[in-house]
Amino acid sequence: MWTFTPTADGVLVRTEESWTGAPVVANTAYLQAALDNSLQNWVNNLKHEAEAQAAK
């Protein structure tokens, strides 16, 4: 879940993610790395879009 909160300096973005079950327990390190990578990609895309909108 992504939450966007307006602040005096812009917008604070928070994410919440929950993965459970046997596959996660069996390979936590790999799946954590995949989740971290996915979140970084989303943040990069969000930054790019916000900057593009601000430039209009």
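# A walk through a predicted β-β-α-α model

Start at the hairpin and select Thr 7, which stands opposite Gly 10 in S2. Keep in mind as you go that this is a predicted model. From Thr 7, step back to Phe 4 and look across: Phe 4 stands opposite Val 13 in S2. Now show both strands, S1 (2-7) and S2 (10-15). They run antiparallel and are joined by 6 bridges, and the hairpin they form has 2 residues between its strands. While the strands are on screen, a general reminder: side chains in a regular strand alternate between the two faces of the sheet.

**Zoom out**

Switch to a cartoon of the whole chain. What order do the elements follow from the N terminus on? They run β-β-α-α, giving 2 helices and 2 strands in total. The protein is more spread out than a compact globule, because its radius of gyration is 15 Å, well over the 10 Å that the globule rule gives for 56 residues. Turn the model along its principal axes and the C-alpha trace spans about 45 × 20 × 15 Å.

Next, colour by accessibility. How many of the 56 residues count as buried, as a percentage? The answer is 4%. Put a surface on and you are looking at about 4800 Å² of accessible area, with 58% of that belonging to carbon and sulfur atoms.

**The rings**

Select Trp 2, Phe 4 and Trp 42 and show their side chains. Ring pairs link these three into a cluster, and the structure holds 2 aromatic pairs. Take Trp 2 and Phe 4 to begin with: this pair is stacked, at 6.4 Å centre to centre with 20 degrees between the planes. Then swing round to Trp 2 and Trp 42, a tilted pair at 6.1 Å centre to centre and 55 degrees between the planes. That pair links distant parts of the chain, with Trp 2 in strand S1 and Trp 42 in helix H2, 40 residues apart.

How open are these rings? Click through them in turn:

- Trp 2 is partly exposed, with a relative accessible area of 30%.
- Phe 4 is partly exposed as well, at 46%.
- Trp 42 counts as exposed, because its relative accessibility is 54% and the cut-off for exposed is over 50%.

**The nonpolar patch**

Keep those three selected and add Val 11, Val 13, Val 43 and Leu 46. Together with Trp 2, Phe 4 and Trp 42, these residues form a nonpolar patch on the surface, with about 640 Å² of accessible area together. Strand S1, strand S2 and helix H2 (28-55) each give two or more residues to the nonpolar patch. Which element gives the largest share? That is H2, with 3 residues.

Pause on Val 11. Its place is in strand S2, and with a relative accessible area of 54% Val 11 is exposed.

**Along helix H2**

Follow H2 onward and select Lys 47 and Glu 51. A search of the whole structure finds 1 salt bridge, and here it is: Lys 47 pairs with Glu 51, the closest N and O atoms being 2.7 Å apart. Both residues lie in helix H2, 4 residues apart, which is about one turn of the helix. Are the two partners buried, exposed or in between? Lys 47 counts as partly exposed at 48% relative accessibility, and Glu 51 is partly exposed too, at 43%.

**Last stop: the loop**

Leave Glu 51 selected and add Thr 20. You'll find Thr 20 in the loop between S2 and helix H1 (22-26). Thr 20 counts as exposed, with 67% relative accessibility. Now draw a distance line between the C-alpha atoms of Thr 20 and Glu 51: they are separated by 35 Å, with the two residues 31 apart along the chain. With that line still drawn, go back to the overall view, where the C-alpha trace spans about 45 × 20 × 15 Å along its principal axes.

Note on methods:
Residues are numbered from 1 along each chain as its sequence is written. This is a predicted model: local features need pLDDT of at least 70, side-chain atom pairs count only at pLDDT 80 or more; totals for chains, interfaces and linings use all residues. Side-chain values use heavy atoms; hydrogens and water are left out. Patches are made of residues with over 30% relative accessible area and no salt bridge: like charges are joined within 9 Å, nonpolar side chains (Val, Leu, Ile, Met, Phe, Trp, Tyr) within 5 Å. Accessible areas come from the Shrake-Rupley method with a 1.4 Å probe; for residues, only the protein chains shown count as cover. A salt bridge is a side-chain nitrogen of Lys or Arg within 4 Å of a carboxyl oxygen of Asp or Glu. Buried means under 20% relative accessible area, exposed over 50%, partly exposed in between (1.4 Å probe, protein chains only). Two strands pair if DSSP finds at least two bridges between them. The radius of gyration is taken over C-alpha atoms; the globule rule is 2.2 Å times the number of residues to the power 0.38. Rings of Phe, Tyr and Trp (its six-membered ring) pair if their centres lie within 6.5 Å; planes under 30 degrees apart count as stacked, over 60 as edge-to-face and the rest as tilted.
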